[in-house]
Amino acid sequence: MASAELRDELNCSICLSLYTDPVSLRCGHNFCRSCIVSVLDAQEAAGGYSCPDCRAEYPGRPALEKNRKLRNIVKRFSSTQPGMKDTSIFCTYCTKSPVPAVKSCLQCENTFCNDHLTVHNKTLDHILTEPTRSFDNKKCSLHKKVLEYYCPQDAACLCASCCLVGEHRGHQVELLDEAFEKKKKDLRKYLDELNPQKVDIRTRVQNLQDHIKNIQEKASNKRMNVSKIFMDIKKQVEMAEKKALSEVSRQEEKIVSQISHLIQKLEIQEEELSRKMHHVEEISGVTDPIRLLQESDITVCSHRGHEDTGGYV
């Protein structure tokens with residue numbers, strides 16, 4: 001609702017469309033530059049100038065001042081309202097205060113508001129169309145006459161002269177309106193044929209997207225399973241490593257304990273030998289033969305081999 005109200009405030013009162021290059025009169029009313037210039041040009045022929053809104057009169061052609069702020073507001077509003085249709089086509093005969101056209105006459109090449117259209121239809125039976133600025137594409141480029149017929153054989157729009165004396169003479173032609181309706185019917189039929197194809201494509205796309213999702217879910221589950229397997233393997237390897245390291249430590253401790261025990265025995269033997277050697281050295285120093293022979297209770301034996309070291313030394 002707020003957008004519609006703002007749109008009304010930003011519409012030119014002449015063309016009833018958003019302001020284009022808005023300008024202001026001294027009375028404060030705003031218009032599109034092209035709209036107010038057209039009005040002032042028409043009023044100039046009549047010999048007086050006035051505001052189309054408030055009818056304020058001016059002794060001479062009024063100056064037009066650019067309304068930059070209004071132009072910026074319109075620009076910002078337009079950027080949020082895409083697809084707006086330009087309807088600034090005016091009635092050819094409403095020169096003093098332009099009124100939007102409702103129809104265009106292809107023969108007269110004029111546009112009409114409702115009032116002037118009623119007068120036109122009472123006097124002439126011409127072909128009317130939606131309001132347009134360009135009449136060239138509504139007429140035959142060769143004969144400059146209104147296009148009224150359609151040639152299915154050549155897929156071309158024709159004027160009466162084209163049918164009678166042109167290259168389409170003798171062709172089976174249709175009235176333009178009838179061909180238009182027939183074409184619309186064919187297009188609707190074709191559209192009805194395309195809709196199931198579109199639905200089928202959408203279904204296939206959805207199926208493929210579901211298939212992708214299913215594959216991704218399965219891959220995710222497989223990744224989880226692979227991760228679990230390798231975690232179990234890692235745990236088993238870690239346990240085997242701990243067990244192997246523990247066995248090495250146990251064997252190390254056992255062998256070291258045995259060697260330490262043997263070293264202890266050898267150190268005791270070494271201490272005993274040291275004591276004996278010290279005693280022998282004391283006796284050896286005696287000079288009295290009788291004393292040496294009487295006090296020496298050591299039996300001198302031949303040298304024995306080393307004690308068994310268990311293979312460690």
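Me: Which residues does N67 touch, not counting residues up to four places away in sequence?
Reply: Bear in mind that this is a predicted model, where local features need pLDDT of at least 70, side-chain atom pairs count only at pLDDT 80 or more, and totals for chains, interfaces and linings use all residues. Numbering runs from 1 along each chain as its sequence is written, and side-chain values use heavy atoms, with hydrogens and water left out. Contact here means heavy atoms within 4.5 Å. On that basis, N67 touches P22, V23, S24 and N30.

Me: Is N67 buried or exposed?
Reply: Buried means under 20% relative accessible area, exposed over 50%, and partly exposed in between (1.4 Å probe, protein chains only). N67 has 18% relative accessibility, so N67 counts as buried.

Me: Where is N67 found?
Reply: Helices (H or I, at least four residues) and strands (E, at least two) are DSSP runs, numbered from the N terminus. β5 covers 65-66 and α3 covers 68-79. That puts N67 in the loop between β5 and α3.

Me: Which element gives the largest share of the largest nonpolar core?
Reply: A nonpolar core is a set of buried Ala, Val, Leu, Ile, Met, Phe, Trp, Tyr and Cys residues joined through side-chain atoms within 4.5 Å. The largest one has 20 residues, and C12, I14, F31 and I36 have the most contacts inside it. β2 (30-32), α2 (33-46) and α3 each give it two or more residues. The largest share, four residues, comes from α2.
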